[in-house]
Structure formats: C-alpha cells, structure tokens
Amino acid sequence: MVRVVRATQVEIEAAVQALRDGELVAFPTETVYGLGANAQNPAAVRKIFEAKGRPSNHPVIVHLDSPRYLHRWVREVPQTAMSLAERFWPGPLTMVMPRAANVHDVVTGGQDTVAIRVPSHPMAQQLLTAFGGGIAAPSANRFGRLSPTRAEHVREELGERVKVILDGGECQIGLESTIIAFQGQSVRLLRPGAITAAQIRQVIGELLIGADVESPRVPGGTPSHYAPVTPMTIVPSGEIDARAEALSEGGRRVAVLAQRLPLKGHKYVTWINAGRRPEQYGHDLYANLRTLDKAGCQRILVQDVPEGERWTAIRDRLLRAAASVSESDDSGAMAVLP
Ligand code: TXA
Ligand code: MG
C-alpha cells in the first residue's frame, strides 16, 4: 500500500496559523518527529521547553526549507558547509555554525552557534515552505525519552500540549540526524546518524569524531537521552538466549531486542526480532523499544549489534539508552539516573 505523506492544504494552513500564533506544531521529518515553533518568536520557543520538560539552556535545531535563507541565521557559512549542503540537503544532516546576530538566545542556548537542518520529508518541506521562516524543533518527545517515529508516539507523549500534529506516517530513517560542528578550520562529528563519517569525509576530507572541550554543548550527547523507562542492558551477541533464560527464571518477565528468532521459546520472554539490516533496524528501533517498554518486563536485553559504520548511529543510541538506567537496580522500577 502506498502511504500518502502529503498534508492537505487545510492541514498546512492550520499548522502555519498555529506557528504564527506562537503555538506548537509537531511535524514529521525523515529522521524523527519534531516539535516545532516559530524560531523568531522566543515565547513560542520557550513553550517547546515547557512541553518537553527540557532544561531551557539546551539549544534547538532551526529547520529551513532550503539553504537559500541560511545567511539570515548563520553569520559566516564555511565553504565546507556549502559543499555538504549541496551534497546532503535536504536530508538528515545538521550543521552547527556561527550564529547571526538576530538569532534568539532561547534557540541557541545562549551559545555563539546555531544548528541548522533542511529536512527532506515532503510534509516537513510543505510546512516550511508555506510558513516561510525557520522552525525551531527538537525531537517531539518528553525530555530524556525515546524519540517519536510515528504521529501516535507524539500524541501519547505530548498530546494536549501541541496545537497541531501533522501525521506523515512512519519516519523513513527513524534515528536523529547526524550533527557536525564547524570550529575554526576543523569539522567535528557530534552525533552519528544516517549520514556517516565516511560520506562526510568524501566531501570535505578530514572529520574529527566526538566533542572536545571547545565543542558546543550537545545535551543529546549526554548518556541520559533516548531511553526507555525499563532498565536496559546490552548483551554480547552469542549470549542473548542464555541471558534471557537465566533472567526469566522464576517467572520474571524479560524483553529482548534481537537480530534473529530465539533458539527456543521462552515462557516469560517477549522477543522482537529486529533483523540484520541496519536500515530496517534503525527505522524500527524506537518503536520496538516503546513496544518492549510497555510489555511489563523487568528488563530489556538488547543483543549487541555488529561492528561497522552502518551500525554506528544505532550502537550510539543503544549505548545511551542502556547507560541511562542503573545497572545495580534489577527491580524493574523507574531506574533512570538523574
Ligand atoms: O533529526 C533530528 O535532528 C531531529 C529532527 C526533528 O530534526 N531533531 C532532534 O533535535 O533530534 P534534538 O533537540 O532532540 O537534538 C538536537 C541536538 C541536541 O542535542 C542539541 O543540544 C543539539 O542538537 N544542538 C542544537 N543546537 C546546537 C548548537 N547551537 N550547538 C550545539 N549543539 C546544538
Ligand atoms: Mg531529542
């Protein structure tokens, strides 16, 4: 079945009106759903932080429909950024660059940089073009929780707080964009995503990996992000069946995210086979973790994913989700570290 991903004129008009009125609009992108506000209205952007329960000094990405208005947001666009924009925009790449003077502090977290992305999802494009300005948008989830990859995830988590939710179906990629930052002559990868380090190097040559002390803050870079509520552990690939069996002994319910079927049926184990293809695995990851999170289990065991660049972004999100819960707590209670 072909999924219709374009919004009707009426839906787009309602969303644009909401943005002009300083309200929040959730919209699909090819990565995850965004929680959008008019980036030029600081009071509207503040509503994003309230709705998410996110600390107000965290910067948000400004979404544009094309690079043509980049200079309104960015003081100096590095030549390498132009090359990357030509190659990867619209698409899942976010570039952190020196901010223009009129960009509000609430968007940049008071930093001297602004993060820009041009998403490719047709409905995001429709919205941005009709709005005609920048839309500030983090992922449309409560702070520290899993990013939404379907409109229903947004409804579940933020429902009443959002004026309009545009439903564009399942996000094609399912993992947040690749983030890079320009610092002097160097370019750094701050968050891995569907566009890989190798692809970026093909365009610009050198790319440093990870933040250093000089790098702009990326709160999404702290371990407490992208987490289910149920404690989660990554298990060496070959041990997944044995660990699930051992943990479920005595009737404890255990959830498993694996890349194959179980060797045999386990009575108390909820098992998802997410497959061996990184694109499909990434597309389904957050929805799968949501499903397992709701399965009433004491722990989620994740079968470790293969090495290799196509798994880098997935591995990154899994490590963050696992790191955010206390290893010592097997009770199944809320175990998210502060
Ligand atoms: O795929 C995505 O990037 C999605 C969709 C909606 O575009 N957005 C997203 O936003 O993941 P968010 O806020 O959940 O993650 C964006 C990350 C945050 O960790 C934020 O701190 C960082 O980008 N960021 C935003 N502006 C920044 C800046 N000026 N300097 C450094 N990091 C920045
Ligand atoms: Mg987020």
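Leaving aside residues up to four places away in sequence, Arg161 touches Leu24, Glu50, Ala51 and Arg142 in this predicted model. The residue sits in the loop that runs between α6 (151-158) and β7. One of those contacts, Glu50, lies 111 residues away along the chain, yet the C-alpha atoms of Arg161 and Glu50 are separated by just 9.1 Å. Is Arg161 buried or exposed? Neither label quite fits: Arg161 counts as partly exposed, because its relative accessible area comes to 47%, and the partly exposed class covers values from 20% to 50%.

The loop of Arg161 leads on to β7, and β7 belongs to an open sheet of ten strands. Read across, the order is β7-β1-β2-β6-β3-β5-β4-β8-β9-β10, with mixed pairing. In general, strands of a sheet pair through backbone hydrogen bonds, and they do so either parallel or antiparallel. Here β7 (164-165) and β10 (208-209) stand at the edges; each has a single partner strand, so one side of each is left without a neighbour in the sheet. Further in, strand β2 (residues 34-38) pairs with strand β6 (residues 135-136) in the antiparallel sense, over two bridges. Asn38, for instance, has Ile135 of β6 as its bridge partner.

Some of these strands also help to cover a helix. Helix α5 (residues 122-131) is mostly tucked away, with seven of its ten residues buried. Which residues of α5 are buried? They are Met123, Ala124, Gln125, Gln126, Leu127, Leu128 and Phe131. The cover over these buried residues includes one helix, α1 (9-20), along with β1 (25-27), β2, β3 (61-63) and β6. Right after α5 comes Gly132, and its phi is positive, near 80 degrees.

Next up is a pair of helices. Two packed helices are described by the angle between their axes and the distance between the axes. For helix α9 (residues 278-293) and helix α10 (residues 312-323), the axes come within 10 Å and cross at roughly 30 degrees. That makes α9 roughly parallel to α10, since angles under 35 degrees count as roughly parallel. The crossing of the two, α9 and α10, is left-handed. Where they meet, α9 supplies Pro278, Tyr281, Gly282, Leu285 and Tyr286, while α10 brings in Ile314, Arg317 and Leu318. Sorted by type, the residues of this contact come out as six nonpolar, one polar and one charged.

Key
Residues numbered from 1 in each chain as written. Chains lettered and ligands numbered in written order. Predicted model: local features only at pLDDT ≥ 70, side-chain atom pairs only at ≥ 80, totals over all residues. Heavy atoms only, no water. Axes fitted to C-alpha atoms, helices over the stretch in contact; angles between N-to-C directions. Helix = DSSP H or I, 4+ residues; strand = E, 2+ residues; numbered from the N terminus. Parallel < 35°, antiparallel > 145°, perpendicular 65-115°, else oblique. Left-handed = near helix turned anticlockwise from the far one by under 90°. Contact = heavy atoms within 4.5 Å. Nonpolar A, V, L, I, M, F, W, Y, C, P; charged D, E, K, R; others polar. Pairing = 2+ DSSP bridges. Buried < 20%, exposed > 50% of the residue type's maximum accessible area, 1.4 Å probe, protein only.
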